[in-house]
Amino acid sequence: MNKIQNTFALLLLGFAWVAVLMLALPARAQEEAVRIDLSTPKQTVYTHVNFLRSPYIFSPNKNRYASYSARALAHPNLNLTKEELVERAKTLEKIYRGAGIDISAIAIPDDANYKDTLQLGASEFVLATIGSTPIVLVKEGTRWFYSPETVLDIPNIYNQIFLFDADNLGLGDFAFERFLGLAVWQYIGIFIFIFGGFLAHHLFLFVLDKIILTMFKRIGYADLSERYILPVAKPISFLVVFLFWQLFLPVLQLPAGVTRFIRLSLGVVVPIFVVASLYYAINILTYYLGKLAQRTATTLDDQLVPLLDRTLKVLIVVIGVFFILSNLGFDIGVLVGGLSIGGLAFAFAAQDTLKNFFGSLMILFDRPFQIGDFISGTGISGVVEEVGVRSTRVRTFHGSVTSVPNGKIADMTIDNMGMRRARRFNFNIALTYDTPHDKMQEFVSQLRAHAENHPKIIPPIYIHFNNMGASSLDILFYIFFDTTDYAQELILREETLFVIMKKAEEIGVEFAFPTSTVHISSHDVSPESWNKVFNEPTEHNKALPKS
């Protein structure tokens, strides 16, 4: 079904261009009075072109009209014969048609005293530039001519555009008979033009399907070929067609307006399919980089690959847009200059966004943490889940996700708990003051022995009777668990605390809690004073009923 749709699309596009061609063909006009005018750049160009087009090319006197056309090339400083000037005039007109230079669409000055301000006021006009060669008109006396350099460069310009010349293929006279403004060989060329593109498209798909995709399937990469190779191949197959058309279009020598329309169309379509091909090719690149990232110990590489994927795709699309605008005739230099000025304003307006973007680059290259690390900083505490272009997402202990701008993280002091090689367990065990010396010593010794023999507790181990506090005898309990996993740490903590409770019960020591003992001294108080305090009636006692 896809092949049928592709074929139909190509045929429809081809017939659409033929329809445009038929509509754009000039009507066969009547011969007008001969008028050779070389007074201005515009009149010189029209003198050259018009005598080689309808209706003069259909006239029995077409050779004489061609010699009139050659007058525009007959600069006094040239040493060429009349026949050579006529031949070069015809060749230059073919160049206009092959390159799609529509004379009627160019603003050619109609001023006899025109001066080019970019050339220090010289009396010359640059009509067009083909490749790196300009087509220039200059004033000599009171008349305008194509410059001698341009006339001498005509064969070189022609070779840049045309692969071959149909006039030199040895076709019979019938091939040059004209119908509706075109020669018979041109109609045959249009058919080959469309059918050749159709054939190139299907030949490419055949090679792809029967050789490349089949090879991938045989070596066990069927999924890779379907998901990554085929999406790249489809736009490339159309690109082959458009490049074929772009290559052979000048050979048809269609009217300049038609050639210009087709060139502009291809100038838009070709970059689109190039961008599409590269866009999907980036998926292959990131697939390969993703496989490499899986082999590394760090998990941040896995996050860098999607970021690289998005960045490259945006860059490819932006470059493609610039190519399309350039092919449509826009001045990219002016556009880039405008963007640079606008970029300054945008940078001021979006400085936080840019700060976050560069912050993400700092995180990716400096690697202060990885995906899955437990981090703690100003206002954040949790497990890193994703590092994006703008922010980093952290899963908190509450189960919620906090998005922290990367610019803020880049300026923040981060405590990366995930990079700890062990988990510390540090607290004080408080025993009551009535604990005997021997029981205290036995309790500490057994706790130390348990820690030293436990497979998940590693040095340094500090378990010592450390302090005599205000309400307890304090034992320092300072150990490290050989784990980096928080869940495993909780299990080991629980196990250790149960051991401490069990040892305390077996040895017979009690845990203390904060207490206060109040002593009231009675040495200077007489019995009469005690009786006065406890027996003297108070306001409350006076209000009580007598018994």
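Histidine 75 is buried in this predicted model. Its relative accessible area is 5%, and the cut-off for burial is under 20%. The residue lies in the loop between H3 and H4. Beyond its neighbours within four places in sequence, histidine 75 is in contact with Val138, Glu140, Phe145, Tyr146 and Pro148.

One of those contacts, Tyr146, leads into the largest nonpolar core. This core holds 34 residues. Tyr96, Leu127 and Tyr146 touch the most other members. Six elements are named as giving two or more residues to this core: H2, H4, E1, strand E2 (133-140), strand E3 (143-146) and helix H5 (148-161). H4 gives the most, with 7 residues. Now take tyrosine 96. Leaving out residues up to four places away in sequence, tyrosine 96 touches His48, Val49, Arg53, Ile101, Ile103, Leu127, Ile135, Tyr146 and Ala256. Both Leu127 and Tyr146 are in that list. Another core lies apart from this one. It has 20 residues, among them Ile429, Met440, Phe443 and Ile500.

Phe443 and Ile500 also turn up where two helices meet. A packed helix pair is described by the angle between the axes and the distance between them. Helix H13 (residues 437-453) and helix H14 (residues 486-507) pack at about 145 degrees. Their axes are 10 Å apart. H13 passes H14 in a right-handed crossing. On the H13 side, the contact is made by Lys439, Glu442, Phe443, Gln446, Leu447 and His450. H14 supplies Val499, Ile500, Lys503, Ala504, Glu506 and Ile507.

Next, the aromatic rings. A search of the whole structure finds 16 aromatic pairs. One joins phenylalanine 51 and tyrosine 65. Their ring centres are 5.9 Å apart and their planes meet at 5 degrees, so the pair is stacked. The cut-off for stacking is under 30 degrees. This pair links distant parts of the chain. Phenylalanine 51 sits in the loop between helix H2 (41-50) and helix H3 (62-69), while tyrosine 65 is in helix H3, 14 residues apart. Both residues are buried. Tyrosine 65 has a charged partner too: arginine 64 lies over its face, at 5.3 Å from the ring centre.

A second pair has another geometry. Tyrosine 114 and phenylalanine 125 are edge-to-face, 5.9 Å centre to centre, with 80 degrees between the planes. They also link distant parts of the chain. Tyrosine 114 is in the loop between helix H4 (82-99) and strand E1 (124-130). Phenylalanine 125 is in strand E1, and the two are 11 residues apart. Are these rings buried or partly exposed? Tyrosine 114 has 22% relative accessibility, so it counts as partly exposed. Phenylalanine 125 has a relative accessible area of 10%, which means it is buried.

Rings also join in a group. Ring pairs link Phe238, Phe242, Trp245 and Phe273 into a cluster. Elsewhere, a lysine meets a ring. The charged end of lysine 313 sits over the ring of tyrosine 279, 4.7 Å from its centre.

One backbone detail remains. The peptide bond from proline 459 to proline 460 is cis, with omega near 0 degrees. Proline 460 is found in strand E12 (residues 457-468).

Conventions. Residues numbered from 1 in each chain as written. Predicted model: local features only at pLDDT ≥ 70, side-chain atom pairs only at ≥ 80, totals over all residues. Heavy atoms only, no water. Phe/Tyr/Trp six-rings, centres within 6.5 Å; stacked < 30°, edge-to-face > 60°. Helix = DSSP H or I, 4+ residues; strand = E, 2+ residues; numbered from the N terminus. Buried < 20%, exposed > 50% of the residue type's maximum accessible area, 1.4 Å probe, protein only. Lys NZ or Arg CZ within 6 Å of the ring centre and 35° of its normal. Core = buried A, V, L, I, M, F, W, Y, C linked by side-chain atoms within 4.5 Å. Contact = heavy atoms within 4.5 Å. Axes fitted to C-alpha atoms, helices over the stretch in contact; angles between N-to-C directions. Left-handed = near helix turned anticlockwise from the far one by under 90°.
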